[in-house]
Amino acid sequence: MLSELERIIYTEILKIPIGQVTSYYSVYDRLLNLLFIPSVVALIFFYSATEPLKNHKGIRFLVIVSGMAFAIDLGLYGFFVTLSQIWYLILILVSGFLFIFGMFISPDTKIKLPNPSDRVYRSIKAIDTKLEGLYGEKSSIENRINVATASLASATNPATISSLRTRISDLTRKMSDIDNQIRDLVNQRARLVKRMRT
């Protein structure tokens, strides 16, 4: 059961969509998955982004804190909630794979890596960078759709309802375009990988 204090913190202050909040059933789950882990991911993100200010610790700290506040004010904290789930899952999977992979391959085994100067390899890396950006943009749009949908459910003003419906429609169309771009890039990548293996 979501308390009034939690509702204010998660939905009004952090602006996390109510559907995302209610998907966790206990106070502990909500604290861990909606507050602690996303905050760690957001701080790592802002810490990495402020690397040019590493010699100015005070200014760097100020930029990190103001960046967090700005992200929360814009309603982007929900994006960090989604990102934290994906990020930790990938981290666990990659760590597990490397551990198992390391058990079967001795340190002396030579692994032939692709030549970084190879044109096909560079094209694959460029596609990977584009895909990463598109996945992030898609996640952000999904969060904005969830926020608009939650607002629409409680809206009573006809002008507000019409505006929210238009926004949801535009965002849905934008997400469809991103899905098409992702599908095209994935197909291109598969063809390039096939060429590199032959």
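Which helix gives the most to the lining of the largest pocket? I took this as my opening query, working on a predicted model.

**Entry 1, largest pocket.** I found that helix 6 is the main contributor, giving nine residues to the lining. I noted that helix 5 (77-104) and helix 6 are the elements that each give two or more residues to this lining. The space in the pocket is about 550 Å³. I counted 16 lining residues, and L83, I86, E132, Y135 and G136 are those nearest the centre. By class, I recorded eight nonpolar, four polar and four charged residues in the lining.

**Entry 2, second largest pocket.** I read a volume of about 200 Å³ for this pocket. Its lining includes K15, F79, N143, R144, R167 and L171. Here I saw that helix 6 and helix 7 are the elements that give two or more residues. The largest share again belongs to helix 6, with five residues. I sorted the lining into six nonpolar, three polar and three charged residues.

**Entry 3, helix 6 against helix 7.** I next looked up how these two helices are arranged. The axes of helix 6 (residues 119-154) and helix 7 (residues 158-197) come within 9 Å and cross at roughly 160°. Angles over 145 degrees count as roughly antiparallel, and helix 6 and helix 7 are therefore roughly antiparallel to each other. I recorded the crossing of helix 6 past helix 7 as left-handed. In their contact I listed 23 nonpolar, six polar and 13 charged residues.

Note on methods
Residues numbered from 1 in each chain as written. Predicted model: local features only at pLDDT ≥ 70, side-chain atom pairs only at ≥ 80, totals over all residues. Heavy atoms only, no water. Axes fitted to C-alpha atoms, helices over the stretch in contact; angles between N-to-C directions. Helix = DSSP H or I, 4+ residues; strand = E, 2+ residues; numbered from the N terminus. Parallel < 35°, antiparallel > 145°, perpendicular 65-115°, else oblique. Left-handed = near helix turned anticlockwise from the far one by under 90°. Nonpolar A, V, L, I, M, F, W, Y, C, P; charged D, E, K, R; others polar. 1 Å grid on protein atoms, 1.4 Å probe; cavity = no way out; pocket = protein on both sides within 12 Å on 5 of 7 lines; lining within 4 Å. Points joined across faces, edges and corners; volume = space filled by probe spheres on them.
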